[in-house]
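Got the viewer open? Here is a short tour, one selection at a time.

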Amino acid sequence: MYFIFDGKVGFFTEKYKLLRIYVKGSYIGEIEMFKSCSRQYYVNALEETDVLLLPKDIFMTELKNFSKEEELMYLRAIERDIFIKKTSNQIGRRAQSTSAK
């Protein structure tokens with residue numbers, strides 16, 4: 001799990017299409033944490049950025065002490081995953097229709 005303390009990062013598809021920008025105060029990596037899957041997308045700093053990396057075992061252990069927050073983060077991860085997949089698919093369809101012209 002990554003917490004952005006300063007700066008901003010771009011969140012990209014596997015074909016390096018920008019999906020979203022995350023800024024100071026945001027966190028990323030929760031989808032992979034809760035789904036126990038490998039990285040699905042790419043993140044690059046768009047400017048000088050400071051992040052805190054919290055390893056999965058520590059994050060999940062500490063989160064158990066905050067059951068309401070755990071549930072909210074889980075639901076947020078599911079919502080983000082759906083949004084990202086939907087947006088990624090839309091970008092892919094636009095790219096296909098543009099190349100077909």
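What follows is a walk through some side-chain contacts in a predicted model.

Start with Asp81, in helix α3. Asp81 is buried, with a relative accessible area of 7%. Now add Lys35, whose side chain meets that of Asp81 in a salt bridge (2.9 Å, N to O). Lys35 sits in helix α1 (residues 30-35), so this pair ties together parts that are 46 residues apart in sequence. Lys35 itself is partly exposed, at 36% relative accessibility.

Keep those two on screen and select Lys85. Asp81 forms a salt bridge with Lys85 as well, with the closest N and O atoms 3.3 Å apart. This time both partners lie in helix α3, four residues apart, about one turn of the helix. Lys85 counts as partly exposed, at 37% relative accessibility. With Lys35, Asp81 and Lys85 all shown, you're looking at a network of salt bridges.

Next stop: Lys64, in the loop between α2 (56-63) and α3. Which side chain does Lys64 join in a polar contact? Select Glu70: the two side chains are joined at 2.9 Å, and the pair also meets as a salt bridge. Buried or exposed, what is each partner? Lys64 is exposed, with a relative accessible area of 53%, whereas Glu70 counts as buried at 17%. The structure holds four salt bridges, including the ones you've just visited.

Last, go back to helix α3 (residues 67-100) and pick Thr87. Thr87 is buried, with a relative accessible area of 14%. Show the backbone of Phe83 too: its oxygen lies 2.8 Å from a polar atom of the Thr87 side chain.

How values were computed
Residues numbered from 1 in each chain as written. Predicted model: local features only at pLDDT ≥ 70, side-chain atom pairs only at ≥ 80, totals over all residues. Heavy atoms only, no water. Helix = DSSP H or I, 4+ residues; strand = E, 2+ residues; numbered from the N terminus. Buried < 20%, exposed > 50% of the residue type's maximum accessible area, 1.4 Å probe, protein only. Polar contact = N/O pair within 3.5 Å; in protein donor to acceptor, adjacent residues only side chain to side chain.
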